[in-house]
Amino acid sequence: MDQFDLELQNIRKVYPGNTVAVEGFDLQVQRGEFISFVGPSGCGKTTTLRMIAGLESITSGTLLIRGQDFTHVPTEKRPTSTIFQNYAIFPHMTVRENIGFGLEVRKVPANEAAKRVDAIIEKLQLGDVADAKETSLSGGQKQRLALARGLVTEPEILLLDEPLGALDANLRKSIQEELKVLQRSLNITFIFVTHAQSEALSMGDRVVVMNAGRVEQISDPFELYTRPKSSFVARFIGRNTLIEGAYQGCENGLARVETPFGLLSGRPSFDPAHISAQTGVSFVLPSEFITLNADPSGADHQGLTCTVGSLHRIGQIVRISVRLPDETEIEVESYAENTANLNLSPGAQVDLGWNAERATVVCDRP
Ligand SMILES: Nc1ncnc2c1ncn2[C@@H]1O[C@H](COP(=O)(O)OP(=O)(O)O)[C@@H](O)[C@H]1O
Ligand SMILES: [Mg+2]
């Protein structure tokens, strides 16, 4: 049997006062994988991370690290290290002392500790500030110090809870890249929590989308973006329009949905054998694949007639906001040259077209 680096089996967390924070959480992580947890505030990301770290007890379920049961093992005996958003740097200690502290706690002999601290200072380019204290560090240096502290104990699994949240956008981008490179060079497993979908998608080998304590979907970023499995994921990730309707069965691998705007087809994200006709489903239309046409064309045409709302032109790109008959707004982007023959004045009718293969049909009750 394959041994995973980390495995969560049916993990559940109930806080005192009966708050169910996490339920039915299953996850299998390979050695060296970069996993992002993403979801709205309060969905249970931090709680799950803290249970993996042993900072929070597990109400039920099993936590395995490299095949060994760690469900009830105390935090200091786990091969994990945690980095928090506020970094928790000791203000009275220098950078070097901050990094060495974790080794002192673990009673690593002084000469061995000094060697490891030096190595990590070099790796994370903290040499210039090794003897400085927190107040004289920049945002990026604090971030690297937090990483150095996490890595110096040589964990198997590094847990990061919104570690870039305190940084401005530019620094965030460059540290995201550094972090990715570092993770590859160390070949250790990262579990990275964020509430930002773009960060989750750009960082993760796989992304776990959470909603109200439960896992909605675990997929690689491309699959997650192009093939959502639930209406929650379709709304949370990407730029999708959802149209509710009644399932009418499959034909040529495409699910047909009766909607207020006619029959629409898309790839089903569910097993058609498990869904009966007339079940409520959602048709998911990604903005990226919509084209604008002057009028409906061809018998196999998939499309919707909309009303032009507003129009913004940014160089070669035109961003058009259109409205469905029920007033749902859709943002469509197009190259200016592709819209030359269209009447896009506000109030004009325009036809939206797409390839049915690019649309997805999701069912929330499979
Ligand atoms: N120590 C606690 N005691 C009671 N409830 C908590 C505690 N920590 C978190 N919660 C609740 O558990 C749920 C999940 O919280 P959390 O894991 O912090 O979510 P996230 O990190 O996704 O924002 C929320 O409803 C939150 O209010
Ligand atoms: Mg949190």
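**Notes on the predicted model: strands, helices and two loop residues**

1. A good place to begin is strand 15 (residues 291-293), which is joined to strand 19 by 3 bridges, the two running antiparallel. Within this pairing, asparagine 293 has aspartate 351 of strand 19 as its bridge partner. Please keep in mind throughout that this is a predicted model.

2. Strand 19 also pairs with strand 16 (residues 303-314), again in the antiparallel sense, and here over 5 bridges. Here glycine 303 stands opposite glycine 353 of strand 19. How many of the 5 residues of strand 19 (residues 349-353) are buried? The count is 4 of the 5, so the strand is largely enclosed by the rest of the structure.

3. Stepping back to the overall picture, the protein chain contains 8 helices and 20 strands. Its C-alpha trace spans about 80 × 50 × 40 Å along the principal axes. Of the 366 residues in the protein chain, 48% are buried. As for contacts between residues at least 6 apart in sequence, 65% of them join residues at least 24 apart.

4. The barrel deserves a look of its own. It is closed, has 5 strands in the order 11-12-13-20-14, and its pairing is mixed. From one strand to the next, the twist averages 55°. One of the pairings is that of strand 14 (residues 280-286) with strand 20 (residues 360-362), antiparallel and made over 3 bridges. In that pairing serine 282 has valine 362 of strand 20 as its bridge partner.

5. Phenylalanine 270 is worth finding next, in the loop between strand 13 (262-268) and strand 14. Is phenylalanine 270 buried or exposed? Its relative accessibility is 10%, so phenylalanine 270 counts as buried, the cut-off being under 20%. Leaving out residues up to four places away in sequence, phenylalanine 270 touches Tyr247, Ala255, Ile275, Val281, Val361, Val362 and Cys363. Val362, one of these, is the residue that bridges to serine 282.

6. Next, the open sheet. Its 4 strands come in the order 2-1-4-5, with antiparallel pairing. Strand 2 and strand 5 (68-69) are at the edges, each with a single partner strand, so one side of each has no neighbour in the sheet. Further in, strand 1 (residues 6-15) and strand 4 (residues 60-65) pair antiparallel over 5 bridges, and serine 60 of strand 4 is the bridge partner of arginine 12. Helix 1 (residues 45-53) packs on this sheet and touches strand 1, strand 2 and strand 4. The direction of helix 1 makes about 115° with that of strand 1.

7. A second loop residue to check is glutamate 33, between strand 2 (19-29) and strand 3 (34-38). With a relative accessibility of 12%, glutamate 33 counts as buried, again because the cut-off is under 20%. Its contacts, apart from neighbours within four places in sequence, are Gln28, Gln183, Ile188, Thr189, Phe190, Asp205 and Arg206. One of these partners, glutamine 183, also gives a sense of distance: C-alpha to C-alpha, it is 34 Å from phenylalanine 270, with their positions 87 residues apart in sequence.

8. On to the helices. Helix 2 (residues 95-105) packs against helix 3 (residues 110-123) at an angle of about 130°, and their axes are 10 Å apart. That makes helix 2 oblique to helix 3. The crossing of these two helices is right-handed. Helix 2 brings Arg96, Ile99, Gly100 and Leu103 to the contact, while helix 3 brings Ala113, Arg116, Val117, Asp118, Ile120 and Ile121. By type, the residues of this contact are 6 nonpolar, 1 polar and 3 charged.

9. Helix 2 has another partner in helix 4 (residues 139-151): the axes come within 7 Å and cross at roughly 30°. Is helix 2 roughly parallel or oblique to helix 4? Helix 2 is roughly parallel to helix 4, because angles under 35 degrees fall in that class. The crossing of helix 2 and helix 4 is right-handed. In this contact Val95, Asn98 and Ile99 of helix 2 meet Leu145, Ala148 and Arg149 of helix 4. These residues divide into 4 nonpolar, 1 polar and 1 charged. Ile99 takes part in the contact with helix 4 and in the one with helix 3.

Definitions and conventions
Residues are numbered from 1 along each chain as its sequence is written. Chains are lettered from A and ligands numbered from 1 in the order in which they are written. This is a predicted model: local features need pLDDT of at least 70, side-chain atom pairs count only at pLDDT 80 or more; totals for chains, interfaces and linings use all residues. Side-chain values use heavy atoms; hydrogens and water are left out. Axes are lines fitted to C-alpha atoms, for helices over the stretch in contact, and angles run from 0 to 180 degrees between N-to-C directions. Angles under 35 degrees count as roughly parallel, over 145 as roughly antiparallel, 65 to 115 as roughly perpendicular and the rest as oblique. A crossing is left-handed if the near helix is turned anticlockwise from the far one by less than a right angle, and right-handed if clockwise. Contact means heavy atoms within 4.5 Å. Ala, Val, Leu, Ile, Met, Phe, Trp, Tyr, Cys and Pro count as nonpolar, Asp, Glu, Lys and Arg as charged, and the others, Gly among them, as polar. Buried means under 20% relative accessible area, exposed over 50%, partly exposed in between (1.4 Å probe, protein chains only). Two strands pair if DSSP finds at least two bridges between them.
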